[in-house]
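Hello,

Here is the structure I promised to pass on to you. Please open it beside this email, and then read on for what turned up in it.

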Amino acid sequence: MTITITAFERSPDGGQGLARDTRVRWALEEVGQPYEVRLVSFRAMKEPAHLALHPFGQIPTYEEGDLALFETGSIVFHIAERHAGLLPPHSDGDADARARAITWMFAALNTVEPPILELATARIHEGDRPWTKERLPLVEGRVRDRLKQLSARLGGADWLDGGFSAGDLMMVSVLLRLRSSGVLDDYPNLAAYVARGEARPAYKRAFAAQLAVNTR
Ligand code: GTB
């Protein structure tokens, strides 16, 4: 069955891979599933046809036969459930390893991503507000708290829990948003972790595909 995702017709980042279709593309590349992309404009995202797929008028969405999904956590989890390569298999008899990998997906989205998004919002959208100068160090401090904890847990390991999983895919995707801020450089094991993610052939294919759209 054909898989179709949606992505920005033109991403505001010009193809740096920060829009969230990149993590879905990456997951599909990791499991070797071909996919099609329907590009949508900001205006089209708020129109009924797209709102029927995504109640919040955003990208990405995922369609496969009668199934339509939104939210990258749910989409990547669905891909990982249906295809081998992103979660320890049920057949390994290690249900605990699978549960832990899923836990890291949630940790990326619920615990690490929120302060990172807050920092991006403070810098990009609130940079000219009078209170931003005072608030920014607080927001950055909350990001650093999480990075310190994550760095301590990762230690010298390559991935968060054994082999590469959907948990790592999501965590690396979330951390990539910090790249331009330079904050990651203060946590060398996390910077190396992100670089390991980016070095994966599947990530490279996903990145190249979204870049091609944004440099046409
Ligand atoms: N929780 C949802 C998910 O994980 O799927 C969040 C989806 C989301 O935020 N989608 C954004 C969107 O559609 C695109 S990814 N925004 C349009 C809107 O809300 O009207 C967020 C994003 C956008 C742009 C950059 N960038 O240019 O750097 C980075 C990230």
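In which loop does P60 lie? Look between helix α3 (48-51) and strand β3: P60 is in the loop that links them. Before going further, please keep in mind that this is a predicted model.

P60 is a good place to begin, as a cis peptide bond joins I59 and P60, with omega at about 0 degrees. Most peptide bonds are trans, which is why I wanted to point this one out. I59 will come up again with the ligand.

The sheet

Strand β3 belongs to an open sheet of four strands, and their order is β2-β1-β3-β4, with mixed pairing. At the edges you will find β2 (36-40) and β4 (67-70), each of which pairs on one side only. On average, neighbouring strands of this sheet are turned by 20 degrees against each other, direction ignored.

To see one pairing in detail, take β1 (residues 3-8) and β2: these two strands run parallel and are joined by five bridges. If you would like one residue pair to click on, A7 has L39 in β2 as its bridge partner.

Helix α4 (residues 72-82) lies across β3 (61-64) and β4, and its direction makes an angle of about 130 degrees with β4.

The ligand

Next, which residues are closest to the ligand? Of the 14 residues that surround the ligand, the closest are R20, K46, I59, E71 and T72. So I59 appears both here and in the cis peptide bond with P60.

Three polar side chains are worth a look:

- K46 has a polar side-chain atom 2.6 Å from an oxygen atom of the ligand.
- For Q58, a polar side-chain atom and a ligand oxygen atom are 3.0 Å apart.
- E71 places a polar side-chain atom 2.7 Å from a nitrogen atom of the ligand.

Taken alone, the ligand exposes 680 Å², and the protein buries 79% of that.

E71 deserves a second visit. You will find E71 in the loop between β4 and α4, with a phi near 75 degrees, a positive value in a residue other than glycine. Most residues other than glycine have a negative phi. Is E71 buried, partly exposed or exposed? Its relative accessibility is 42%, so E71 counts as partly exposed.

The helices

Helix α1 (residues 21-30) is mostly covered, with 10 of its 10 residues buried. Among them are D21, R23, R25, W26 and E30. After α1 comes G32, and the phi of G32 is positive, near 75 degrees.

Further along, P137 sits in helix α6 (residues 132-154). With a relative accessible area of 53%, P137 is exposed, because the cut-off for that class is over 50%. L119 is 18 residues from P137 along the chain, and the C-alpha atoms of the two are separated by 9.4 Å.

Finally, N189 is part of helix α8 (residues 188-199). Buried or exposed? N189 has a relative accessible area of 19%, so this residue is buried, the limit being under 20%. Leaving out residues up to four places away in sequence, N189 touches S151, L154, G155 and R196.

I hope this helps you find your way around.

Best wishes

How values were computed: Residues are numbered from 1 along each chain as its sequence is written. This is a predicted model: local features need pLDDT of at least 70, side-chain atom pairs count only at pLDDT 80 or more; totals for chains, interfaces and linings use all residues. Side-chain values use heavy atoms; hydrogens and water are left out. Two strands pair if DSSP finds at least two bridges between them. Axes are lines fitted to C-alpha atoms, for helices over the stretch in contact, and angles run from 0 to 180 degrees between N-to-C directions. Contact means heavy atoms within 4.5 Å. A residue is near a molecule or strand if one of its heavy atoms lies within 4 Å of it. A polar contact is a pair of N or O atoms within 3.5 Å; within protein, one must be able to donate a hydrogen and the other to accept it, and residues adjacent in sequence count only if both atoms are side-chain atoms. Accessible areas come from the Shrake-Rupley method with a 1.4 Å probe; for residues, only the protein chains shown count as cover. Buried means under 20% relative accessible area, exposed over 50%, partly exposed in between (1.4 Å probe, protein chains only).
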